[in-house]
Amino acid sequence: MRTRPATWRLGISLLGGAAMLGQSGAAHAQDSETSTMLGKIEVTAQSNEILKQDGYVAKKDRIGTKTDTPIARIPQAISVVTQKQIEDQKPRTLNETLGYTASANPNSFGFDTRYDAFFLRGFQAFYNGMFRDGLRQYNGPSAWFKTEPYGIEGVTILKGPASSLYGVSGPGGIVNVVTKRPKDEPFREIELLAGEHNRFQAALDASGPVNEDGSILYRFTSLGRKSDTELPAYPDDKIYLAPAVTFKPDEDTKLTILGEYSKSVTGGTAAFYNSSTGVLSNLYEGDPAWNDFTQSQGRIGYKFEHRFNDVLTVRQNLRYNAVDSDIEYSGHYPDGADLKRYWGHYTENMKNFVVDNMAQFEFDTGPVKHTAVGGVDYAWSDYDAASGISYVSIDDIKAMPVPHSGGQEMNQLGVYLHDQMEWNQFTLFTSGRYDWVDTTSTAADYSTSKQKDGAFSGRLGLSYQTEWGITPYVNYSTSFSPNIGFVYDDVTSTVGRVARPTIATQKEIGVKYEIPTTTRRSAPRCSTSTRRTASSSTPRPASTSSASST
């Protein structure tokens, strides 16, 4: 069983604002009548802009409804990893950040810093269940956008189908990471970490107003790490730079620009040799001379919001991101009674563009208070991959050109409408969305195939908030996710058919309880989700499968 490396932390916080230097002589010279008691100064790292939190408890979030809604009133299971928990836990990856989240399984593949591979309620969510700041973030087969825990101020996990608002996603739910945003008050932090396996890390986080009236805010988050791991010739090195700036010309208008560039080097092989008969071994598959997984990634985008009046608020969220991966890997294969080694080289680049336009309306119809959201979003993704393998030597794989192995381009357009109605202690949620998805797949020989998918997704939920802090709720929701590739009903035939999309439905009954005057929340629940599919959801040739989860 792998043990977590010990880590030592030195944190230095330089807090802007007031400061006091106490001198013993002056203190003795003052009596109780002339003494001045200074108030407590507390500066936290989170911005509380779209994820409002208090210690380990999140109070409001937009991920469940695309509006600022108290989490206790949302009739669906939601877990939040707050900034405070991230600071205390000090996770090295997004997988470790999700380690204490109910219904999330980030440990299926064991130790592997190459990917954030997690399951929600038994269903894989790492390809189409990953979101950042409310915008989807598709991953390619191997070019995955890595999340740096130091660069986020919280993670929201919406469990169960979420296509009624967010479009293409899986049955288990979605994970939304919230990027650190500029703060109104000055904040400065320098963090130094050291641990076993020669792990050394330095990080800087600085934020605050640029001008006197606070109409321009900034934030710059950066990190550098040099580290070995428990596997030989398997590093965990990274450089991370994330600038952000907010413009607030008035109280009703805000534009926040968020950027990132990072480069990481990890091991290309994270496995031990296991024979075809199932016999385990301690033989590491990696070759120290050919084992670098180098990845560069970047993102740039903005979030714009303008409030016209008490009824209408409009928002536009936009982002472009790209990932380039270069993987050196190796392994063993049996040759009679002996084992021989092979070496592989895989490259992939993944690009995403997504924009979400929405309008929020707040109005009353008699005693019923409405918060409605309508919007249109568009997403484009494209990846290309190349793969080569040698059974001769490292020099041979180095000299070998890496041939094209396939690619895929996807265009998605979605229209959605959501209305949450409050009457006394009741909250009723109704959401509906229709998606159109066009996909073009390119094979290794550059031949192409196209498919079109479309589906309606919905959600209906009801909650009742009692005076004792208990909130029972029920919901019914669906999800939709196209599958790329072909299904071969006869494995001996070369004739296939286009894969049908994965469609899921969920019925959930639960109870949320917010303990008074504490920062703990309990949320027992019972849910059943079913999934109908004709293939796996990875962008590779598909095979028939089906699953259900409770």
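Colleague: Why is Lys84 called partly exposed?

Modeller: In this predicted model, Lys84 has a relative accessible area of 38%. Buried would require a value under 20%, and exposed a value over 50%. The figure for Lys84, 38%, falls in between, so the residue is called partly exposed.

Colleague: What makes the contact of Asp88 and Lys84 a salt bridge?

Modeller: The side chains of Asp88 and Lys84 meet at 3.6 Å, N to O. The criterion asks for a side-chain nitrogen of Lys or Arg within 4 Å of a carboxyl oxygen of Asp or Glu, so the contact qualifies. Both residues belong to helix α2 (residues 83-89), where they are 4 residues apart, about one turn of the helix. Asp88 is also partly exposed, because its relative accessible area of 42% lies between the two limits.

Colleague: What does the salt bridge of Arg136 with Asp377 tie together?

Modeller: The closest N and O atoms of Arg136 and Asp377 are 3.8 Å apart, which again satisfies the limit of 4 Å. Arg136 lies in strand β10 (residues 135-136) and Asp377 in strand β21 (residues 368-390), so the pair ties together parts that are 241 residues apart in sequence. Arg136 and Asp377 are both buried.

Colleague: How do you know that Arg199 and Asp236 form a salt bridge?

Modeller: The closest N and O atoms of Arg199 and Asp236 are 3.2 Å apart, and this distance is within 4 Å, so the pair meets the criterion. The two residues link distant parts of the chain: Arg199 stands in strand β14 (residues 199-209) and Asp236 in strand β16 (residues 236-250), 37 residues apart.

Colleague: Why are Arg199 and Asp236 called buried?

Modeller: The relative accessible area is 10% for Arg199 and 6% for Asp236. Buried means under 20%, so the term applies to Arg199 and to Asp236. Arg199 and Asp236 also take part in a network of salt bridges with Glu148, Arg225 and Lys238. The structure holds 27 salt bridges.

Colleague: How do you know that β11 pairs with β5 and β12?

Modeller: A pairing requires at least two bridges. Strand β5 (residues 78-82) and β11 share 5 bridges in the antiparallel sense, so they count as paired; Thr82, for instance, has Gly154 in β11 as its bridge partner. Between β11 and strand β12 (residues 173-179) there are 7 bridges, also antiparallel, so the criterion is met here too. Val155 has Val177 in β12 as its bridge partner.

Terms used. Residues numbered from 1 in each chain as written. Predicted model: local features only at pLDDT ≥ 70, side-chain atom pairs only at ≥ 80, totals over all residues. Heavy atoms only, no water. Buried < 20%, exposed > 50% of the residue type's maximum accessible area, 1.4 Å probe, protein only.
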